[in-house]
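Here is a short briefing for a first look at this structure. Keep the 3D view open and follow the points in turn.

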Amino acid sequence: MLEVKNLRKAYGSHVVLHDVSLTLRPGTIHGLVGANGAGKTTLLNCLYGLETDFSGEVHGSAGQPLREHTGLLPYEPYFYPRLTGREYLEFCLQARSRDITDFAGWNRLLELPLDQYADEYSAGMRKKLALLALLVQNFDYLILDEPFNGLDLEANLLLKEILCRLRDRGTGILLTSHILGTLTETADEITVLVDGLVQRHYLAADFGTLESDLLNSLHRGKLAMLDSLV
Ligand SMILES: Nc1ncnc2c1ncn2[C@@H]1O[C@H](COP(=O)(O)OP(=O)(O)OP(=O)(O)O)[C@@H](O)[C@H]1O
């Protein structure tokens, strides 16, 4: 289980996360939603240790360092110049002292030109390559920042299926998305972050009311404005 307890993070005087607690259990998909700037990426970066200057607690599974069993898909994956897709995958495995595996199986699904330079890929192809690097490593936990963003329709459908199958075989997956339908179709629980605070937490049984609940309670002011316009 991965756990964040009472996390507080500020950039200078701007407090971005206030006392956030969240749990990721094995074999579950946990969706994280919130407006632009709500603090989702900051939360994932604190959890993964890319941000260190915060207060609160982050616990990895069974006391192991979190990065040993957890993979991160960053919001905007970065690739070194003049590295092919294949070399990037090999680099990711070597950096973790893992054996170089055959990428062909996964790549028959994602269909990337692995012998082209990764920094010349399209945005969607870059996202697929970063996902491929995680998929070949069989992590126990995945932290995915906007994994569906930029993917074509087929890859979107495929990724939903892949995540559900990984969940069913025990992987814990924490992901952000602005596409509510994708989350309600795949997630077991959804946490709503508003201005750096956990505003709501829904279990799958309550997803039916999630959209109207969010519209009615969290965005009531904007609905009133809309009434005067349309
Ligand atoms: N390095 C930084 N320095 C200063 N402020 C930052 C930094 N990174 C993020 N912020 C601020 O923290 C807040 C939360 O940003 P964050 O990227 O976590 O939001 P988000 O919920 O992921 O948004 P989005 O949905 O747009 O991706 C924003 O106000 C942002 O401007």
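Start with strand β3, residues 29-34: 6 of its 6 residues are buried, so the strand is largely enclosed by the rest of the structure. This is a predicted model. The points below begin at β3 and work outwards.

**Strand β3 and its neighbours**

- Both faces of β3 are covered. On one side I29, G31 and V33 are buried. On the other side H30, L32 and G34 are buried too.
- In a regular strand, side chains alternate between the two faces of the sheet.
- β3 runs parallel to strand β7 (residues 172-176), and 4 bridges join them. Across this pairing, I29 stands opposite I173.
- β3 also runs parallel to β8, with 5 bridges joining the two. Here V33 stands opposite V192. H30 stands opposite E189, also in β8.

**The six-stranded sheet**

- β3 belongs to an open sheet of 6 strands. The order is β5-β6-β7-β3-β8-β9, and the pairing is mixed.
- At the edges are β5 (70-73) and β9, each of which pairs on one side only.
- From one strand to the next, the twist averages 15 degrees.
- Helix α1 lies across β3, β5, β6 (141-145), β7 and β8. The helix runs at about 150 degrees to β6.

**The three-stranded sheet**

- A second open sheet to look at has 3 strands, in the order β2-β1-β4, with antiparallel pairing.
- Why does one side of β2 and of β4 (55-59) lack a neighbour in the sheet? Both stand at the edges, each with a single partner strand, so one side of each is left free of a neighbour there.
- The twist in this sheet averages 20 degrees from one strand to the next.
- Strand β1 (residues 2-11) and β2 pair in the antiparallel sense over 7 bridges. E3 has T23 in β2 as its bridge partner.
- α1 packs on this sheet as well, touching β1, β2 and β4. The direction of α1 makes about 120 degrees with that of β1.
- K9 stands opposite L17 in β2.
- The hairpin of β1 and β2 has 2 residues between the strands. In this hairpin, G12 takes a positive phi near 60 degrees.

**The residues around the ligand**

- Which residues surround the ligand? They are Y11, V16, G34, N36, G37, A38, G39, K40, T41 and T42.
- Helix α1 (residues 40-48) gives the most to this shell, with 3 residues.
- By class, the shell has 3 nonpolar, 6 polar and 1 charged residues.
- G34 appears in the shell, and G34 is also one of the buried residues of β3.

**The nonpolar core**

- The largest nonpolar core has 51 residues. L129, L132 and I143 have the most contacts inside this core.
- Helix α5 (residues 123-135) supplies the largest share of the core, 7 residues.
- Leaving aside residues up to four places away in sequence, I143 touches L44, L47, Y48, T70, L72 and L174.

**A buried alanine in helix α6**

- A155 is found in helix α6 (residues 153-168).
- Is A155 buried or exposed? A155 counts as buried, because 21 C-beta neighbours lie inside 10 Å, and the cut-off for buried is 20 or more.
- A155 touches L110, G124 and K128, not counting residues up to four places away in sequence.
- L109 lies 46 residues from A155 along the chain. The C-alpha atoms of the two are separated by 8.5 Å.

**Positive phi outside glycine**

- D19 has a phi near 55 degrees, a positive value in a residue other than glycine. D19 is in strand β2 (residues 14-24).
- D19 has 14 other C-beta atoms within 10 Å, so D19 is partly exposed.
- D195 also has a positive phi, near 50 degrees, and is likewise a residue other than glycine. D195 is found in the loop between β8 (189-194) and β9 (197-203).
- D195 is partly exposed, because 14 other C-beta atoms lie within 10 Å.

Note on methods: Residues numbered from 1 in each chain as written. Predicted model: local features only at pLDDT ≥ 70, side-chain atom pairs only at ≥ 80, totals over all residues. Near = placed C-beta within 6 Å. Nonpolar A, V, L, I, M, F, W, Y, C, P; charged D, E, K, R; others polar. Buried ≥ 20, exposed ≤ 12 C-beta atoms within 10 Å, placed from the backbone. Contact = placed C-beta atoms within 7 Å. Core = buried A, V, L, I, M, F, W, Y, C linked by C-beta atoms within 7 Å. Pairing = 2+ DSSP bridges. Axes fitted to C-alpha atoms, helices over the stretch in contact; angles between N-to-C directions.
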